[in-house]
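Dear colleague,

Please find below the structure that I am handing over to you, together with its sequence. My notes on what was found follow directly after it.

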Amino acid sequence: MPAIFEKLDKIRPIYDMVYKIVLVLCKLLLIADIAITTFSVCGRHIPFIPDPAWSEEVVLTLMSYMAVLSAALAIRRGAHIRMTAFDNYLPKNVLKGLDILSDIAVFALAVIMLVVGWKYAIQIGARGTYISMPTVSKFWMYFPVPLAGIAMIVFEIEAIYNHIKAFYVKEEN
């Protein structure tokens with residue numbers, strides 16, 4: 001294996017750590033989502049439990065965080081839906097090149113999500129507030145997009161590196 005790959009492979013624990021952080025964040029968001037939804041439903045049907053007015057907006061915001069962050073996690077695992085009908089008919093190097101091309105496209109999307117999402121969060125989001133929580137900025141409703149953009153950039157850098165490495169390092173069977 002070329003020496004450059006041995007050196008670059010040493011930063012893999014950083015990717016593992018970022019993955020674990022995002023995964024734990026998604027799990028915590030899911031737990032909060034379930035707890036708030038349960039409390040809200042109980043508040044609608046059990047007379048002595050109050051139904052908080054803010055629950056629907058918070059649940060929807062938490063769901064948007066989970067949706068985009070879990071999509072970023074899928075990049076690392078290679079779990080996104082992809083067309084594989086022709087994979088058996090194309091040379092391996094062509095497939096590797098197509099993987100790199102798709103990674104570059106997703107990387108470009110991640111950069112756009114980061115830049116445009118941040119712009120929207122600070123310009124549009126910061127001007128409004130949640131209807132049921134007038135003291136909370138809608139920045140938090142727009143923030144999942146740039147946050148997921150950051151996670152996608154990190155995981156796409158690793159994916160691109162792994163695909164480039166596949167050109168130079170023999171596959172172990």
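**Findings**

R76 has a relative accessible area of 22%, so this residue counts as partly exposed. Please keep in mind throughout that the model is a predicted one.

I begin with R76 because its side chain meets that of E158 in a salt bridge, with 2.4 Å from N to O. The two residues belong to distant parts of the chain: E158 lies in helix α6 and R76 in helix α3, and 82 residues separate them in sequence. Unlike the arginine, E158 is buried, because its relative accessibility is 5% and the limit for buried is under 20%.

E158 has a further partner. A salt bridge also joins E158 to R12, and here the closest N and O atoms are 3.2 Å apart. R12 sits in helix α2 and E158 in helix α6 (residues 144–168), so this pair ties together parts of the chain that are 146 residues apart. With a relative accessible area of 29%, R12 is partly exposed. R12 forms a salt bridge with D9 as well, the closest N and O atoms being 3.7 Å apart.

These contacts belong to a wider arrangement. Salt bridges link D9, R12, D16, R76, E158 and K165 in a network. By the rule applied, the structure has six salt bridges. As general background, side chains of opposite charge can pair when their charged atoms come close.

I turn next to the packing of the helices. In general, two packed helices are described by the angle between their axes and the distance between those axes.

The pair α2 and α3 may be taken as an example. Helix α2 covers residues 12–45 and helix α3 covers residues 55–77; their axes come within 9 Å and cross at roughly 155 degrees. The two helices are therefore roughly antiparallel to each other, as angles over 145 degrees are counted in that way. The crossing of α2 past α3 is left-handed. In the contact of α2 with α3, the residues comprise 18 nonpolar, four polar and five charged.

A second pair is formed by α4 and α6. The axes of helix α4 (residues 92–123) and α6 come within 8 Å, with a crossing angle of roughly 160 degrees. By that angle, α4 is roughly antiparallel to α6. This crossing, too, is left-handed. The contact of α4 with α6 draws on 22 nonpolar, five polar and four charged residues.

Helix α6 also contains A148. What is the relative accessibility of A148, and is the residue buried or exposed? The value is 0%, so A148 counts as buried. Between the C-alpha atoms of A148 and L30 there is a separation of 16 Å, while the two residues lie 118 residues apart along the chain.

Finally, a word on the cysteines. How many disulfides does the structure hold? The number is zero. C26 is buried, because its relative accessibility is 9%. C42, by contrast, has a relative accessible area of 26% and is therefore partly exposed.

I would suggest locating E158 in the model, and then following its salt bridges to R76 and to R12.

Yours sincerely

Key: Residues are numbered from 1 along each chain as its sequence is written. This is a predicted model: local features need pLDDT of at least 70, side-chain atom pairs count only at pLDDT 80 or more; totals for chains, interfaces and linings use all residues. Side-chain values use heavy atoms; hydrogens and water are left out. A disulfide is a pair of cysteine sulfur atoms within 2.5 Å. Buried means under 20% relative accessible area, exposed over 50%, partly exposed in between (1.4 Å probe, protein chains only). Axes are lines fitted to C-alpha atoms, for helices over the stretch in contact, and angles run from 0 to 180 degrees between N-to-C directions. Helices (H or I, at least four residues) and strands (E, at least two) are DSSP runs, numbered from the N terminus. Angles under 35 degrees count as roughly parallel, over 145 as roughly antiparallel, 65 to 115 as roughly perpendicular and the rest as oblique. A crossing is left-handed if the near helix is turned anticlockwise from the far one by less than a right angle, and right-handed if clockwise. Ala, Val, Leu, Ile, Met, Phe, Trp, Tyr, Cys and Pro count as nonpolar, Asp, Glu, Lys and Arg as charged, and the others, Gly among them, as polar. A salt bridge is a side-chain nitrogen of Lys or Arg within 4 Å of a carboxyl oxygen of Asp or Glu.
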